[in-house]
Amino acid sequence: MNQLKMNNTIAGFSKLSKEEKINWIANNYFSTPTEAIDLLKKYWNSDSILQQLHDEFIENTITNFYIPLGVAPNFLINGKNSSIPMAIEESSVVAAAAKSAKFWATRGGFKATIINTEKIGQVHFLYTGDKDKLTAFFNQTKTTFFSETDALTKNMRQRGGGILDIELRDKTDLIPNYYQLHATFETKDSMGANFINSCLEQFAKTLKEKAENYELFTAEEKEIEVIMSILSNYVPNCLVRAEVSCPIEDLAEKHIPNPEDFAKRFVQAVRIAEVEPYRAVTHNKGIMNGIDAVVLATGNDFRAVEAGVHAYASKEGHYSSLSHAKIENGQFTFWLEIPLALGTVGGLTSLHPLVKFCLEMLEKPSAQELMQFVAVAGLAQNFAALRSLTTTGIQEGHMKMHLNNILNQFNVTEEERHDIKKHFKHHTISHSAVVNYIEELRK
């Protein structure tokens, strides 16, 4: 590897062994290569088979990157108690979810409902010619799209899923000659990305082949150009609702001495997030703290979920709150409806040991049941944040949880840790205040 040293470009990196990749990185980017290599290897699993499994999840793997896996217990959902696994690095998220779970467990718990489970995929293509002829061609060919994907959909159909419908959509007002085959799918307990994409690619093949042989098309009209065939992560008809509700007087607790005032302030805070995008983004980020943590813990694609959820937050033409609240006839109600395309079979769900552990903790849920857990976690997180914002302020609880991170940065002893935590029980926590107190202690 000496010939590679101090050369930050490399050909054939993917063909190097894991050790060679690590050595090249350490020698090219670190002043102390041995320390860099030692750090990477500390995070390897001692079980070589388990480590190989993780190595093969992605390309060019050099080590494992740990994110804490926590548990938020005491969630009463649709009358049943559950503990929800959460994989996240941010302080106070798991604590906040658990606090909300405890609060609502004595006030009727969370209610979760599946509204729909429809997923979407599209074939994007260009067609130059008579629109009416294209419509007639599509109507004549529609059954063929289904029949020529029979082999692909057989197993899914046996599980109650498959292709629900295919539409021809005219998008020429947006781009000249641009049309879509817009297809809807039911994928049951799988997220279904590979299934959907395979069906779409067959649709594209059928579209081109049948167009070339359609007698009513001119030579130009037969030359349909497929640009791409791909599922959409925007799934506005794959919806779940989560809500909590109780009489206003039942909201009373230590930090809510006046429940009526609290309820009004809470509803007003949600209303602000509904109309003010600057607030809505942070408001929804808090919801996603809970959602992403459960999605990641259960081996699902949190980037796809994020993209789809934020698109949904803009469905009315401006970015707005995902959650809503109201006071009606003395009853406080807080809810959200979000699109979630999740799976409990296939992908990491059947490979990653901790994902399997988390799904077992959730009592091996169906995809629809997992949608409910995830939505509830998001609502719980949002409730905790808004309760803090409208009462004690967000920083008090967050900084208490963040204190350990600050102390770990300065390698405090157990004796120092005890003194610092005792001091900050009665003083405001901030990074500078903690640093100053550590310096005073060490004088």
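How many bridges pair strand β3 with β8, and in which sense do the two strands pair? Select residues 111-114, which form β3, and then β8: the pairing is antiparallel, over 4 bridges. Two strands count as paired if DSSP finds at least two bridges between them. Strands (E, at least two residues) and helices (H or I, at least four residues) are DSSP runs, numbered from the N terminus.

Before moving on, note that this is a predicted model: local features need pLDDT of at least 70, side-chain atom pairs count only at pLDDT 80 or more, and totals for chains, interfaces and linings use all residues. Residues are numbered from 1 along each chain as its sequence is written, and side-chain values use heavy atoms, with hydrogens and water left out.

**Stop 1: the open sheet**

Stay with β3. Lys 111 faces Glu 243 in β8. Thr 113 faces Arg 241 in β8.

Now select residues 239-247, the whole of β8. Of its 9 residues, 7 are buried, so to speak of β8 as mostly covered is fair. Buried means under 20% relative accessible area, exposed means over 50%, and partly exposed lies in between (1.4 Å probe, protein chains only).

Add residues 331-339, strand β10. β8 and β10 pair in the antiparallel sense over 9 bridges. Find Cys 246: opposite stands Phe 332 in β10.

Colour the full sheet next. This open sheet has 4 strands in the order β3-β8-β10-β9, with antiparallel pairing. Look at the edges, where β3 and β9 (323-328) stand: each has a single partner strand, so one side of each is left without a neighbour in the sheet. From one strand to the next, the twist averages 20 degrees.

Select residues 367-389. This is helix α13, and it packs on the sheet, touching β3, β8, β9 and β10. The direction of α13 makes about 130 degrees with that of β10. Angles run from 0 to 180 degrees between N-to-C directions, and axes are lines fitted to C-alpha atoms, for helices over the stretch in contact. Contact means heavy atoms within 4.5 Å.

**Stop 2: an enclosed strand**

Is strand β6 enclosed or open? Select residues 178-186 to see: 9 of the 9 residues of β6 are buried, so the strand is largely enclosed by the rest of the structure. Show the side chains. Tyr 178, Gln 180, His 182, Thr 184 and Glu 186 point one way, while Tyr 179, Leu 181, Ala 183 and Phe 185 point the other way.

Add residues 119-126, strand β4, which runs antiparallel to β6 and is joined to it by 8 bridges. Then add residues 162-170, strand β5, also antiparallel to β6 and joined by 8 bridges. Click His 182. In β4, its bridge partner is Gln 122. Glu 167 also stands opposite His 182.

**Stop 3: two helices**

Select residues 150-158 (α6) and 193-212 (α7). They pack at an angle of about 145 degrees, with their axes 10 Å apart. Leu 152, Thr 153 and Met 156 of α6 meet Phe 195, Ser 198, Cys 199 and Gln 202 of α7.

**Stop 4: Phe 57**

Last, click Phe 57, in the loop between α3 (48-55) and β1 (69-77). Phe 57 counts as partly exposed, at 26% relative accessibility. Neighbours within four places in sequence aside, Phe 57 is in contact with Leu 348, Leu 351 and His 352. Now find Ala 263, 206 residues from Phe 57 along the chain: their C-alpha atoms are separated by 47 Å.
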